[in-house]
Amino acid sequence: MDSLLIRGGNALAGEVRISGAKNAALPILTASLLTAEPLVLSNVPHLKDVGTMLALLGHMGVTVTPDERNHVTLCGESIPHREAPYEMVKTMRASILVLGPTLARFGEARVSLPGGCAIGSRPVDLHIKGLQAMGAEISIEHGYIHARAKRLQGAHIAMDVVTVTGTENLMMAAALAEGTTVLANAAREPEVVDLAECLIAMGARIEGAGSGVITIHGVPELHGATHRVMPDRIETGTFLVAAAMTGGRIRALDAAPETLVSVLGKLADAGAKVTQGDDWIEVESDGVLNAVDVRTAPHPAFPTDMQAQFMALNCIASGAASITETIFENRFMHVQELRRLGANIEVSGHTALVRGVPRLDGATVMATDLRASACLVLAGLVAAGETTIERIYHLDRGYERIEEKLTQLGARIQRIH
Ligand code: UD1
């Protein structure tokens with residue numbers, strides 16, 4: 001298993017090109033199931049999760065042709081296997097995204113129930129309820145969700161909890177349903193908007209994506225399209241926090257500043273200088289930071305996927321601040337690892353109180369999930385001496401060439417096989 005060795009202490013400086021967003025690419029890849037014509041995508045990041053999704057779509061019958069570096073053409077002319085097997089779903093929960101489009105186009109789909117997950121129980125009940133409201137018959141058999149419907153019918157669906165992939169699954173299903181579907185309390189995440197834009201390019205009739213109410217007028221079929229995947233706002237945020245923590249200056253290129261308003265606000269509150277243009281963001285800092293309170297909530301509030309990185313920042317800031325996680329119940333697993341580096345953190349329920357310490361000291365730590373891994377990399381970049389991060393396969397799920405990008409910015413980081 002690979003690990004990362006980081007020698008902390010260098011201020012990071014320079015430019016970094018941001019990759020396509022993992023969380024936009026995954027649903028958009030599954031949109032290929034909605035049409036018999038080719039879907040041509042660009043800015044698709046090379047990530048383990050993307051590879052898993054391509055393997056799943058390939059298993060179902062989609063022809064997958066990667067051409068230039070980050071381009072992929074998908075053709076779902078015939079889909080003989082309308083099933084997502086357990087082996088694939090268990091490695092990546094986002095596999096549930098094949099349920100809506102497969103059911104809508106073929107009238108049947110079988111998707112393994114995703115098991116427990118390291119960051120909480122993460123049920124899929126809202127995906128199922130929404131499809132049932134659209135007329136699907138759903139049974140759970142041998143650990144699989146088995147969904148059937150002659151043709152889905154438009155429905156008014158009010159979701160109890162804001163769910164990102166739930167909104168995406170139902171939006172894709174509704175695109176081919178008969179009649180109009182209204183999704184109330186829909187997720188407003190930029191990735192939902194990116195998927196909607198791709199679906200609209202494919203002929204879907206969707207209004208309101210990016211707001212809490214999305215209206216979808218179903219059409220009998222969709223056609224092929226080309227689409228460029230939006231920039232990854234979490235990757236962007238992670239590099240910008242690295243600039244602030246190391247007392248450096250990083251310009252993120254090919255970024256989408258409008259998707260990062262709450263994160264950029266927090267960086268400014270912490271004392272970093274933030275400037276931006278249409279598609280770039282620069283953060284400069286002397287490394288002297290104030291601790292900032294963070295409370296995660298659905299977009300446009302502060303994203304849970306940036307919580308761990310701001311915890312790392314608070315560890316070395318002056319003062320104390322609270323980090324409250326409201327989306328996932330078990331998303332503080334990085335706390336124990338940060339403590340191994342000398343951080344002062346107390347957890348009480350969903351809130352962590354972080355008291356800044358003058359310095360962190362390198363140690364061996366273990367990555368437990370994707371964003372926790374990113375937080376440990378950030379901590380390692382400022383810790384005195386060497387930090388070894390084990391189990392970094394989590395990092396490869398969501399960060400494209402992270403050690404290469406960090407090295408270009410002046411970090412001393414090395415992958416050990
Ligand atoms: C997506 C993102 C993930 C991010 C999360 C929250 C992708 C591929 N992943 O995950 O990176 O951390 O949004 O921004 O886009 N819930 C239910 N019932 C459901 C579905 C969800 O109760 O049927 C709950 C979950 O347990 C959680 C909350 O809703 O507490 C939000 O989860 P959700 O938005 O669905 O997360 P994902 O879409 O899985």
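Which atom of the ligand lies 2.7 Å from an N or O atom in the side chain of Asp125? Figure 1 has the answer. A word on the model before the views: it is predicted, with local features needing pLDDT of at least 70 and side-chain atom pairs counting only at pLDDT 80 or more, while totals for chains, interfaces and linings use all residues. Residues are numbered from 1 along each chain as its sequence is written, and side-chain values use heavy atoms, leaving out hydrogens and water.

**Figure 1. Polar contacts of the ligand (N or O pairs within 3.5 Å).** It's a nitrogen atom of the ligand that sits 2.7 Å from an N or O atom in the Asp125 side chain. Arg93 has a side-chain N or O atom 3.3 Å from a ligand oxygen, and Thr165 puts a polar side-chain atom 2.6 Å from an oxygen of the ligand. On its own the ligand has 740 Å² of accessible area, and the protein covers 87% of that (Shrake-Rupley method, 1.4 Å probe).

**Figure 2. The shell around the ligand (residues with a heavy atom within 4 Å).** There are 19 residues here, and Asp125, Thr163, Thr165, Asp305 and Ile327 come nearest. Nine are nonpolar, five polar and five charged (Asp, Glu, Lys and Arg count as charged; Gly is among the polar ones). Helix 5 (125-133) and helix 6 (164-175) each give two or more residues, with helix 5 supplying the largest share, three. Helices are DSSP runs (H or I) of at least four residues, strands (E) of at least two, numbered from the N terminus.

**Figure 3. Helix 8 beside helix 12.** The axes of helix 8 (residues 233-246) and helix 12 (residues 370-382) come within 9 Å and cross at roughly 20° (lines fitted to C-alpha atoms over the stretch in contact; angles run from 0 to 180 degrees between N-to-C directions). So helix 8 is roughly parallel to helix 12 (under 35 degrees).

**Figure 4. Two backbone spots in loops.** Most residues other than glycine have a negative phi, and most peptide bonds are trans. His142, between strand 8 (137-141) and strand 9 (144-148), has a positive phi near 50°. His299 and Pro300 are joined by a cis peptide bond, omega about 10°.

How values were computed. A polar contact is a pair of N or O atoms within 3.5 Å; within protein, one must be able to donate a hydrogen and the other to accept it, and residues adjacent in sequence count only if both atoms are side-chain atoms. Angles under 35 degrees count as roughly parallel, over 145 as roughly antiparallel, 65 to 115 as roughly perpendicular and the rest as oblique.
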